[in-house]
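Work through the three exercises below with the sequence and model at hand. Each task is followed by its solution.

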Amino acid sequence: MAIQWYPGHMHKARKEIEEAMPQVDLVIEVLDARIPYSSENPMVSQLRGDRPCIKLLNKSDLADPEVTAQWIEYLEREQGVQASAITTLQPAMVRSIPDLCRKLVPHRDIMEKDIRTMIMGIPNVGKSTIINTLAGRTIAKTGNEPAVTRRQQRINLRNGIVLSDTPGILWPKVDNEASSYRLAVTGAIKDTAMEYEDVAMFAAGYFLKAYPDEICERYKLQSLPASDIELLEAISRSRGALRPGARVDYHKVSELLLHEYRSGKIGLLSLETPAMAEVEKEEVARKLAEKELIKQQKIEQEKLKRSGKRYND
């Protein structure tokens, strides 16, 4: 699935974040609780260095709570990381973030200096709503479309915390194909940049394996379909997403499945687990190593060709 998702403002944002990072005490990274691995921007780790980090698993009200608990334990294995599941539908959860900041950077509090934080996250993960809740007023623009925030801004929360907001940044290329699909399923990528049918097929295949009971209950299916396409066809017939002649309208049923998943109507469904992430990380590392080996072999071959040409001349 080819997705173009690195517009100019994201490239500019990365440079601005890199320049501002030396003045930051603590990084807050907002993740999607349904896809913590796929929504974890690898550039954040590169940019923050050894600074402490709070990883907020937002939209936890849409994720499988058992899987979310696994993710919190998994993420906190990393030195200096505190993970917390939140939902912006419960503002009290969001308002507890300053206390987490003080625990991770106690020396700034003791010195009575503001804790300088930077909040980061991919588009459409709820970062702006978190900022507005913390500030107690509307500062950051919110919306259901990705890439709403376009520039960096500093916000004094007047409680010992100064927050630097950043545009939602995606990275130039996702090496793990499954992650790109999960980002599309949750809506982190604009719908105009993807093929609904491809993304819905991916989601249907996963739901069949991971949440068969929820799928059957939601769409009143008497038996579990055998494949992703058969599931889409069954939902199409169940919901009347049909073209003339009772033919399946694949685009319409794909939209229906994705929209109902994003709104939580199917149930609390997570798209990945820590165990899946570990396997996929190893696979990505193997593929990258193979690509690098092939690249080096081509370089060596080119050197041999050039040296042979010089010898013949």
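**Exercise 1: two serines of the binding site**

Ser128 lies in helix 7 (residues 127–135). The model is a predicted one.

Task: Decide whether Ser128 is buried or exposed, and do likewise for Ser60.

Solution. Step 1: the cut-off for buried is under 20% relative accessible area. Step 2: Ser128 has a relative accessible area of 10%, so Ser128 is buried. Step 3: Ser60 sits in the loop between strand 2 (53–58) and helix 3 (65–75). With a relative accessible area of 17%, Ser60 is therefore buried. Step 4: apart from neighbours within four places in sequence, Ser60 contacts Ala33, Ala85, Ile86 and Thr87. Step 5: an unreviewed UniProt entry lists residues under "binding site", including Ser60 and Ser128.

**Exercise 2: a helix pair**

Task: State how helix 11 and helix 12 are oriented to each other.

Solution. Step 1: the axes of helix 11 (residues 228–239) and helix 12 (residues 250–262) come within 9 Å and cross at roughly 90°. Step 2: angles of 65 to 115 degrees count as roughly perpendicular, so helix 11 and helix 12 are roughly perpendicular to each other. Step 3: residues making the contact include Ile229 and Leu232 of helix 11 and Val253 and Leu256 of helix 12. Step 4: the contact residues comprise 7 nonpolar, 2 polar and 3 charged.

**Exercise 3: a hairpin**

Task: Find which side chains of strand 5 (residues 153–156) are buried.

Solution. Step 1: Gln153 and Ile155 point to one face and are buried. Step 2: Arg154 and Asn156 point to the other face and are not buried. Step 3: strand 5 pairs with strand 6 (residues 161–165) in the antiparallel sense over 4 bridges; Asn156 has Val162 as its bridge partner. Step 4: the hairpin has 4 residues between the strands, and Arg158 takes a positive phi near 60°.

Conventions. Residues are numbered from 1 along each chain as its sequence is written. This is a predicted model: local features need pLDDT of at least 70, side-chain atom pairs count only at pLDDT 80 or more; totals for chains, interfaces and linings use all residues. Side-chain values use heavy atoms; hydrogens and water are left out. Axes are lines fitted to C-alpha atoms, for helices over the stretch in contact, and angles run from 0 to 180 degrees between N-to-C directions. Helices (H or I, at least four residues) and strands (E, at least two) are DSSP runs, numbered from the N terminus. Angles under 35 degrees count as roughly parallel, over 145 as roughly antiparallel, 65 to 115 as roughly perpendicular and the rest as oblique. Contact means heavy atoms within 4.5 Å. Ala, Val, Leu, Ile, Met, Phe, Trp, Tyr, Cys and Pro count as nonpolar, Asp, Glu, Lys and Arg as charged, and the others, Gly among them, as polar. Buried means under 20% relative accessible area, exposed over 50%, partly exposed in between (1.4 Å probe, protein chains only). Two strands pair if DSSP finds at least two bridges between them. UniProt positions are given in the numbering used here, feature names are shortened, and annotations may be inferred rather than shown by experiment.
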